[in-house]
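Trainee: I'd like to learn how to read a structure like this one. Can we go through it together?

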Amino acid sequence: MKNWRVYYERNRAERSRLLWHGETTWKRVELPEPIRTALIASLATFEVGESGEGKRLKAGALTTNDPDYCRAIELFLNEEHDHAAWLGKLIDALGGEHLRNHWSDGAFVFLRHMGGLQTELLLLLAVEMIAQAYYSALRDGVPDEFCREVFARICDDEDKHVAFHVDFLRKRFARQRWIESFTTRLLWYGVFRAACVVVMMDHAPILRAVRVSPGGFWQRTGAIFRHTSSQIWETPAIRVVERSRL
Ligand SMILES: [Fe+2]
Ligand SMILES: [Fe+2]
């Protein structure tokens, strides 16, 4: 976990050099309708999700007695808060309104609190995988250079977040018996797919606007799940670290 702490510290220093990071207001972003309205509504939901305090996650990290992991979790949460801030500024730049809360975020927090650190991380990872598919769709489909730059940066962060949680969970699950790992993967897949359906329904207008069909989103998220799941249960730890390009 020391490598991850170092990664997050470096990433923090590096992101402070982004021209738009830390700016209180961004210049107005012009997008054609209906993509503008669809993007505002969609980003407002993700802004709520990215802004969670993570108190329980921090408390769970403390139980590992690993100061590097605790610090990495803290810095990871800071990155999610940066994402929330960037989405918030994009909503302002697009002339939209913010949401205070969203039912899907409440349901997700409720589920996360039903188990221990591993359950919490698996559920968090499910959302991170959906975020990988979602932000990459926006990066590739929103017709504005600045928006794409912001989404590309979030995509890079989310790829590393997935690798970070994978690295931790891989070690945690290393001694699982096959029946335990089979059951965990099956339940996890069920929750993941339920979350995919919610996102596909709730964010259908923006996905349509960036030309991602329901079938395409389903396939993309499925591929991400298979890859991530195999890294947790089938890949030696060293390869996970190599792939994350620390
Ligand atoms: Fe994020
Ligand atoms: Fe993330």
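Mentor: Sure, let's start with a term: contact, or touching, means heavy atoms within 4.5 Å. Tyr69 touches Met1, Ala61, Thr64, Leu117, Leu121, Phe164 and Phe168, leaving aside residues up to four places away in sequence. This is a predicted model, where local features need pLDDT of at least 70 and side-chain atom pairs count only at pLDDT 80 or more, while totals for chains, interfaces and linings use all residues. Residues are numbered from 1 along each chain as its sequence is written, chains are lettered from A and ligands numbered from 1 in the order in which they are written, and side-chain values use heavy atoms, with hydrogens and water left out.

Trainee: Which residues touch the most other members of the largest nonpolar core?

Mentor: A nonpolar core is a set of buried Ala, Val, Leu, Ile, Met, Phe, Trp, Tyr and Cys residues joined through side-chain atoms within 4.5 Å. Buried means under 20% relative accessible area, exposed over 50%, partly exposed in between (1.4 Å probe, protein chains only). Here the core has 42 residues, and Tyr69, Phe164 and Trp188 touch the most other members. Its largest share, 10 residues, comes from α6. Helices (H or I, at least four residues) are DSSP runs, numbered from the N terminus.

Trainee: What are the protein donors of the iron ion (ligand 1)?

Mentor: Donors are N, O and S atoms within 2.8 Å of the metal (3.2 Å for Na, K and Ca); water is not among the atoms, so sites may look incomplete. For this ion they come from Glu50 (OE, listed twice), Glu80 (OE), His83 (ND1) and Glu158 (OE), 2.0 to 2.6 Å from it. Glu80 also bridges to the iron ion (ligand 2), with the two ions 3.4 Å apart. Glu80 sits in helix α4 (residues 67–93) and Glu158 in helix α7 (residues 145–172), 78 residues apart. Both Glu80 and Glu158 are buried.

How values were computed. Helices (H or I, at least four residues) and strands (E, at least two) are DSSP runs, numbered from the N terminus.
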